[in-house]
Number of protein chains: 2
Amino acid sequence: MKDTDDKLTSRNIKPTAMRELVLDILTEQKMAISLSDLEQKFHKSDKVTLYRTLKTFEEKKLIHSIDDGTGAIKYALCKETCQCHPEDLHVHFFCLKCQHTFCLSDIPIPSINLPVNFSVENINMVVKGVCSNCND
Amino acid sequence: MKDTDDKLTSRNIKPTAMRELVLDILTEQKMAISLSDLEQKFHKSDKVTLYRTLKTFEEKKLIHSIDDGTGAIKYALCKETCQCHPEDLHVHFFCLKCQHTFCLSDIPIPSINLPVNFSVENINMVVKGVCSNCND
DNA sequence: GATTAGTTTGCAACTCAGTTGCATAAACTT
DNA sequence: AAGTTTATGCAACTGAGTTGCAAACTAATC
């Protein structure tokens with residue numbers, strides 16, 4: 001638990017039992033998960049608590065959210081150093097076969113030349129296709 | 001109406017009064033609009049009919065949908081030649097001030113080097129920031 | 001260690017976008 | 001005109017996300 005606690009406190013989140021559990025589950029995941037995915041990993045759980053936990057985590061930049069177009073927002077851990085600035089952002093991938101959403105952490109979002117007088121705060125880029133696992 | 005009808009029939013959509021109206025409204029828009037935006041442009045309207053009209057239009061590639069992260073999908077007209085293939089796609093912009101979503105039709109989505117064995121079908125790229133209109 | 005103040009959790013209940021089923025109306029077919 | 005297909009309108013539902021409030025917990029102080 002020590003490790004989990006440190007991760008929380010280093011992001012200025014009070015470590016409660018609930019938050020440790022949620023962070024541990026998120027750490028285990030190889031893919032981004034939604035609020036209801038998370039809910040189903042508990043035998044008995046309250047959606048609202050999990051919802052607020054995720055909100056807190058996101059606010060403190062422990063996790064980031066991905067709108068993959070499925071209608072349910074997905075969440076995944078940020079890297080230690082992540083500040084969720086445009087330069088920290090990476091591409092996400094949604095597999096049309098397995099329906100999973102991955103961080104392509106190594107692929108930064110390419111920069112774009114916007115029209116004059118437009119300023120950027122954030123970019124969401126989701127590639128949809130078939131992942132290597134599902135491509136035979 | 002002749003013009004509107006032609007646009008519909010050329011995309012294999014039977015021109016009904018309802019569809020002509022919806023297409024005309026969509027043509028007038030300078031920005032992408034949601035189902036409820038559309039609904040509000042009618043004095044008396046049925047959400048479901050509009051919903052199905054949009055679905056039909058999208059299926060026939062007369063319009064395309066944009067998930068801008070606001071929770072409501074936006075729709076905008078496709079170009080005449082658009083087949084909604086990856087090479088037809090462009091970047092979208094969501095203004096955090098005026099809350100409007102625009103097509104940046106001239107900015108194609110940059111191509112990405114995906115990891116080995118990943119294949120692409122579609123890409124959604126939404127830049128959030130402040131548009132030229134709102135940047136003083 | 002009891003008292004208080006602040007934070008977190010759990011429950012109920014709600015909003016809002018999107019969706020389905022079914023019955024009526026309109027448009028095509030022969 | 002009768003029958004078939006397609007489009008429209010209404011009611012009702014789903015599912016994600018959200019808010020308010022009260023109970024439980026935590027931390028800080030006496």
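Two strands pair if DSSP finds at least two bridges between them. Helices (H or I, at least four residues) and strands (E, at least two) are DSSP runs, numbered from the N terminus. The model is predicted: local features need pLDDT of at least 70, side-chain atom pairs count only at pLDDT 80 or more, and totals for chains, interfaces and linings use all residues. Residues are numbered from 1 along each chain as its sequence is written, chains are lettered from A and ligands numbered from 1 in the order in which they are written, and side-chain values use heavy atoms, with hydrogens and water left out.

**Exercise 1. The open sheet of chain B**

Task: give the strand order of the open sheet of 3 strands in chain B, and find its edges.

Solution. Start with the pairings. E2(B) and strand E3 (residues 74–77) of chain B run antiparallel, joined by 4 bridges. E1(B) and E3(B) are also antiparallel, with 2 bridges. The order is therefore E1-E3-E2, with antiparallel pairing. Strand E1 (33–34) and strand E2 (63–66) are the edges; each has a single partner strand, so one side of each lacks a neighbour in the sheet.

Now set the register. B:Ile33 has B:Tyr75 in E3(B) as its bridge partner. B:Ile63 is matched with B:Leu77 in E3(B). B:Ile66 lies opposite B:Lys74 in E3(B).

**Exercise 2. The salt bridges**

Task: find the salt bridges over all chains, and state whether their residues are buried or exposed.

Solution. Apply the rule: a side-chain nitrogen of Lys or Arg within 4 Å of a carboxyl oxygen of Asp or Glu. The whole structure yields 2 salt bridges. In chain A, the side chains of A:Asp68 and A:Lys74 meet at 2.7 Å, N to O. In chain B, B:Asp68 pairs with B:Lys74, the closest N and O atoms again 2.7 Å apart.

Next, check accessibility. Buried means under 20% relative accessible area, exposed over 50%, partly exposed in between (1.4 Å probe, protein chains only). A:Asp68 is buried at 1%. A:Lys74 is buried at 8%. B:Asp68 and B:Lys74 are both buried too.

**Exercise 3. The interface of chain A and chain B**

Task: describe the interface by area, residues, polar pairs and strands.

Solution. Take the area lost on being put together, summed over both parts (1.4 Å probe). Chain A and chain B bury about 2500 Å², 65% of it on carbon and sulfur atoms. On the chain A side, E4, E5 and E6 each give two or more residues. E6(A) provides the largest share, 12 residues.

Count contacts next (heavy atoms within 4.5 Å). Chain A brings 32 residues and chain B 31 residues. The rule finds 0 salt bridges across the interface.

Finally, look at strand pairing. E6(A) and E6(B) are antiparallel over 11 bridges. A:Val127 faces B:Ile123 in E6(B).

**Exercise 4. The largest nonpolar core**

Task: name the residues that touch the most other members of the largest nonpolar core, and follow A:Phe93 outward.

Solution. Such a core is a set of buried Ala, Val, Leu, Ile, Met, Phe, Trp, Tyr and Cys residues joined through side-chain atoms within 4.5 Å. This core has 33 residues. Those with the most other members in touch are Val91, Phe93 and Met125 of chain A and of chain B. E4 (90–95), E5 (101–108) and E6 (119–130) of both chains each supply at least two residues.

Beyond four places in sequence, A:Phe93 contacts residues of both chains, including A:Leu104, A:Val127, B:Leu114 and B:Phe118. E4(A) pairs with E6(A) in the parallel sense over 4 bridges. There A:Phe94 stands opposite A:Lys128.

Note on methods:
Buried area is the accessible area (1.4 Å probe) that two parts lose on being put together, summed over both. A polar contact is a pair of N or O atoms within 3.5 Å; within protein, one must be able to donate a hydrogen and the other to accept it, and residues adjacent in sequence count only if both atoms are side-chain atoms.
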